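Good morning, and thank you for joining this group meeting. I shall go through the structure now on the screen, chain by chain and then core by core.

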Amino acid sequence: MATFAFALLLAACVENDVRRGNDALRIGDYDRAVTSFNKALDADPAHRDARYGLALSYYAIAEASERLRVPTFDLWSQAAKEFRILSNIDSSGKINANYSTCLFYLARAALKRDGSVDVVPVLDQSIQLDSLNYFSYNLKALILAKSNVPDNLNTAKNIYIHIITHDPDFVSAYINLGNIYWDEGDVEAAWDTWSAGLQKSPKNQSLMYWTHVAEDSLKAMVLSGRL
Amino acid sequence: MSENSSILDNVVSCHLIHRGGEADIYLVSGNSGKFILKWYRNGSAFKTEIVEKLKCIRIPGICRIRESGLRDGNPYLVYDFIEGVSSRDVGRIPVPVALGLLRGVAQSLHDLDAVGVHHGDLNPANVLLSRNQDKSGFPVQATLVDFGIVGPGTPGYAAPERFQGRPASTASDQFSLGMLLYRWITGEDLIQALEYDEYQAEILRIDSISVDEKLYVSGNFTATEISALSPLWKALLRQNAEERCEDFDELDEIAEIALGSLGVGEIKASVDAQKFAEILECQKTGGFPPDGSTNGLDMAFPYEKRGFAPSKKKRKYMYLAAFGLILTLMAFFFIVGTNSSDIDETGNLLLEKSRNSVTMEPDSGLESQDSLPSTILKDLPTPSLD
């Protein structure tokens, strides 16, 4: 009975720490959130909510640092590590979207730190976790397009088309697909893509600029008789 | 009765109504009704063979014994609860009524004789009076309680031979009945003494006591009444048991003659009995308290109820279990009641904030091209103005 009572008391304390951590996380007090979740995990390392809370806390810290444009690789690595541990505890799929986004951020931070690093496997894992994470698709396509390998370029184009088909509001895909067409000299296809993106996001500065450039190019080509 | 079906285990209230020398009397109530519990103390006990016989028979005027046995090491009896008045508390009873009661009790004792049972302790407290629900019978019902006494009986009512250690018999009950009749009509005991030995001495010289004279001196009785009652004293209050009535049938005949000798007529006798019954109806809280009359009485269980009042060891576990339950509830409310938000909900909020900020806010962390490292940005060719 005493053991049972002690276990109940301990469980109550752990839950209390998780509650405190969650409250701190919600109001942006990330350091206190990390402390509370760590305290709960000291008592119960396999506590799902405490582990998820800690992962989200590192996630929020890293995302806040992204806005400050400071190196974030270590922070995203820490968050990804917690998500990886969490995935061993929770196989419900509830955490997948956040874990997937964390891996996207981690891949991007890795590229910022070292442009030669191969982050495609990380992005593939991110996509596998959440097939609706078009940011990972987009970044993967950018990397493939950069490789200048013909097959990779076609794959990149297909990825962009996939993104635009499934999420027509994902503006970056229009820009990057138009870039590939433009790089290939297909100004008409580039203009088509950019102008389609501009219809979706009329105030996007990049699309406005490059649509205008493509129009001018098409006019010049008409005038020069090349079109 | 098996232990598992004991009336005592289903009792919800238990009130001490009388503390006697050998036993305490409780009024107990439960789902199956009200009963009287006689709880023996100080090593006292009842005659098992008599009690066992009484448990099997139903005789008008005999209080039914429902249960008997040993409980927590104490002998006990459970009687039916009789909503009436102890004849000890009614004062003087009109002679015609007393004779009617005497005949009723004699009939009950006669029926008991048939199964070999004698009361052994007839005294005013052991005769309960109540209104007879049977309209065709005598208006007042006398019910005998408290059978199976081990000792000689109540001093002042016990027959001389009972003081000599003889068992209860038809004759000893007849003697007690004679003393009882005297008490009923006078409101006093025929023999009044302070000590047991003194009682014994007086009882042994019963033949020399002139009851007629005592009645005459009291001035409360007419000559006719004294004369009518006289054969009864001679038939009942004899030192030698063999000089008493042959049986209760003979006693009934003598009592019937006495009633006739009173010269009041059957109607007058019936009216007196009706009036007495009405008085009893008003007084009937005097003996055993009926419903609602237990106010002021101490609630006290002399025994431990099985399955309800557990042993000390069980009680200890019950306390621990109760403590555990309270702790569980506290923890439950602590966990559930104070859990202001769900961590999954927080995760969804963070995700929504991250992903929605991409397309809506160009400066957000998830914008694709502008925030990509320069090493992977493509330098778009600038079209010639030509």
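Let me begin with chain B, where 37% of the 386 residues count as buried. Please keep in mind throughout that this is a predicted model. The secondary structure of chain B consists of eleven helices and eight strands. If we take the contacts in this chain with a separation of 6 or more, 68% of them are between residues 24 or more positions apart.

Chain A offers another picture. Its secondary structure comprises eleven helices and zero strands, and the pattern along the sequence is accordingly α-α-α-α-α-α-α-α-α-α-α. Of its 227 residues, 48% count as buried. Among the contacts in chain A between residues at least 6 apart in sequence, 45% join residues at least 24 apart.

A word on confidence in chain A. The mean pLDDT of the chain is 91, and 95% of its residues reach 70 or more. Where is confidence lowest in chain A, and where is it highest? The lowest value belongs to helix α1, residues 2-26, with a mean of 79. The highest belongs to helix α6, residues 120-129, at 96.

I turn next to the strands of chain B, beginning at the N-terminal end. Strand β1, residues 11-19, runs antiparallel to strand β2, residues 23-30, and seven bridges join the two. Within this pair, B:His18 stands opposite B:Ile25 of β2(B). The two strands form a hairpin, with three residues between them. Strand β2(B) is in turn joined by eight bridges to strand β3, residues 33-40, again in an antiparallel arrangement. Here B:Asp24 stands opposite B:Trp39 in β3(B). β2(B) and β3(B) also form a hairpin, this one with two residues between them.

Further along the chain there is an open sheet of three strands, in the order β6-β7-β8 of chain B, with antiparallel pairing. Its edge strands are β6, residues 85-86, and β8, residues 140-144, each of which pairs on one side only. As general background, strands of a sheet pair through backbone hydrogen bonds, either parallel or antiparallel. Strand β7(B), residues 127-131, is joined to β8(B) by five bridges, and B:Val127 stands opposite B:Leu144 in β8(B). A helix packs here as well: α2(B) lies across β7 and β8 of chain B, running at about 45 degrees to β8(B).

That helix leads us to the nonpolar cores. The largest core has 85 residues, and those with the most contacts inside it are B:Ala98, B:Leu102, B:Val105, B:Leu181, B:Leu232 and B:Ala255. Which helix gives the most to this core? Helix α2 of chain B, residues 95-114, does, with ten residues. The core draws at least three residues from each of two domains of chain B, namely domain 1 (3-80 + 301-314) and domain 2 (85-283). As for B:Leu232, if we leave aside neighbours within four places in sequence, this residue is in contact with B:Gly178, B:Leu181, B:Ile254, B:Ala255 and B:Ala258. Apart from this core lies another, of 75 residues, whose members include A:Tyr58, A:Leu103, A:Leu139 and B:Leu350.

Finally, I should like to point out three individual residues. The first two are loop residues, one in each chain. A:Arg69 is found in the loop between α3 (48-67) and α4 (73-89) of chain A. Although A:Arg69 is not a glycine, its phi is positive, at about 60 degrees. A:Arg69 is exposed, because 11 other C-beta atoms lie within 10 Å, and the limit for that class is 12 or fewer.

In chain B, B:Asp72 is found in the loop between β4 (65-71) and β5 (74-80). This residue, also other than glycine, has a positive phi near 50 degrees. B:Asp72 counts as exposed because it has 9 C-beta neighbours inside 10 Å.

The third residue is A:Ser172, placed in helix α9 of chain A, residues 171-183. Is A:Ser172 buried or exposed? A:Ser172 counts as buried, because it has 28 C-beta neighbours inside 10 Å, where 20 or more are required. The C-alpha atoms of A:Ser172 and A:Asn204 are separated by 9.9 Å, with the two residues 32 apart along the chain.

That concludes my presentation, and I welcome your questions.

Notes. Residues are numbered from 1 along each chain as its sequence is written. Chains are lettered from A and ligands numbered from 1 in the order in which they are written. This is a predicted model: local features need pLDDT of at least 70, side-chain atom pairs count only at pLDDT 80 or more; totals for chains, interfaces and linings use all residues. A nonpolar core is a set of buried Ala, Val, Leu, Ile, Met, Phe, Trp, Tyr and Cys residues joined through C-beta atoms within 7 Å. Helices (H or I, at least four residues) and strands (E, at least two) are DSSP runs, numbered from the N terminus. Domain bounds come from an automatic or database domain assignment. Two residues are in contact if their C-beta atoms, placed from the backbone, lie within 7 Å. Two strands pair if DSSP finds at least two bridges between them. Axes are lines fitted to C-alpha atoms, for helices over the stretch in contact, and angles run from 0 to 180 degrees between N-to-C directions. pLDDT is the predictor's confidence in each residue, from 0 to 100.
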